[in-house]
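Dear colleague,

Please find the structure below, handed over for your use. My notes on it follow.

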Amino acid sequence: MNIEHQQAAAPGPAPQRDLAAIPCILMRGGTSRGPFFLESDLPADPALRDRVLLAAMGSPDPRQIDGLGGAHPLTSKAGIVRRSGTPGVDLDFLFAQLQPDRDTVDVTPNCGNMLAAVLPFALERGLLPIQDGTTCARVLTLNTGMQCDVTVQTPGGRLAYTGDARIDGVPGTAAPIGIAFLDTAGSVCPGLLPSGRVLDRVAVDAPGIEPFAIDATLIDNGMPMVLVRAADLGAGGDETVAELNANEALRARLEALRLACGPLMGLGDVASKSYPKMCLVAAPRAGGAVATRCFIPHVCHEAIGVLAAVTVATACVLEGSVTAGLARVAPGLDKTVSVEHPTGEFSVALGLDAADPQRVTRAALLRTARPIMRGEVYLPEQIRTGEQHGQ
């Protein structure tokens, strides 16, 4: 090769530009995807931090054409990680839910899928040492105060992302990541059953729809959710995502029901909040325990969220919930509940209290995750500094 050509092709110093560069790793966590940041790489001020996240993702814009977002709520998420100062906890994780077409950054709910990517990201960025065999870390989700133990495969002290584990909603296989939740009941709501009842009769009266009343289980075992029987809303529970998203009448009734349930769950006015999630339940179609169609909260989920699956599975083992007569769950205190969703199933392992079978003592599941890209996300310098907002 010509030496002069080699010299001409050699990279030079990075040009100066009027864009800020913020290090991040684009991670897939379960069936979600988004950039992960070290907390120290983002502004400390929450309002300024949120503006940076919006610019990084390209929101608000339905296509998110000017950012990293994927024009869907499942790909409009971000993770922020730091070493924890809490005794017994290794990592702190702050989850941020953005929306493609809105300028909102919601840091109140959990996301179990993005949670699966926290420890791989932390190891990639050198926050914790890698062990030989497996590496386990206790993660505190700052959004809700929930703790869990996450275990990743690290044979020979090397991060393993490839493997034989398969989760529905993600093509191919990958190395398994185990997540054992320590305490998920009442993650955002006042308790597992925030109304104090396992089944409520909710009256709905909202502009533009006929008043109706419906049985619902209001529950929060990691995710605030409203569960209703699909048949009670004229649905079969096995519709495609496209069919449900096109059913404007059903979505309007679900949203009216969601708004009515917010105060009943101790959440107040939830009009601008991404929770509670809504879930249609029906008898299983493919050998699982229950069939589901979840809305997050206005769009039907292509699969089901991790903590949504844990919460639905919990409802299935509670006597008298809205799943009674529909769910098929084996007897015993240790149960594996297969939650069917539009693109497969999600198995959740639950342990029940022998003295009180209405109390769930353990929830565990398996996910996969991997880094997709490592680099820097660019955004206008004045957004990071806040200059355009007069700061």
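How many residues does helix α6 have, and how far does α6 reach from its first C-alpha to its last? Helix α6 (residues 248–264) has 17 residues and reaches 25 Å, close to the 24 Å expected at 1.5 Å a residue. The expected span is 1.5 Å times one less than the number of residues. Helices (H or I, at least four residues) and strands (E, at least two) are DSSP runs, numbered from the N terminus.

Please note that this is a predicted model, in which local features need pLDDT of at least 70 and side-chain atom pairs count only at pLDDT 80 or more, while totals for chains, interfaces and linings use all residues. Residues are numbered from 1 along each chain as its sequence is written, and side-chain values use heavy atoms, with hydrogens and water left out.

Helices

The buried residues of α6 (buried means under 20% relative accessible area, exposed over 50%, partly exposed in between, with a 1.4 Å probe and protein chains only) are Leu250, Leu254, Glu255, Ala256, Leu257, Arg258, Cys261 and Gly262. These buried residues pack against elements including β10 (212–220), α5 (241–246) and β13 (290–295); contact means heavy atoms within 4.5 Å. Gly266, which follows α6, has a positive phi, near 75°.

Helix α2 (residues 46–57) has 12 residues, so a span of 16 Å is expected at 1.5 Å a residue, and its end C-alpha atoms are indeed 16 Å apart. In α2, 10 of the 12 residues are buried, among them Arg49, Asp50 and Arg51. Gly58, just after α2, takes a positive phi of about 85°.

Domains and largest pocket

The domain assignment, which is automatic or from a database, gives domain 1 (19–183 + 371–385) and domain 2 (200–357). Their contact takes 16 residues from domain 1 and 19 residues from domain 2. The centres of the two domains, taken over C-alpha atoms, are separated by 26 Å.

The lining of the largest pocket draws at least three residues from each of these domains. A pocket is an open set of points on a 1 Å grid over the protein atoms alone, where a 1.4 Å probe fits, with protein on both sides within 12 Å along at least five of seven lines; lining residues have an atom within 4 Å of a point. Of the 19 lining residues, Pro73, Gln99, Pro100, Asp101 and Arg102 are the closest to the centre of the largest pocket.

A loop residue

Ala330 lies in the loop between α7 (306–317) and β14 (334–341). Ala330 counts as exposed because its relative accessibility is 52%.

Yours sincerely
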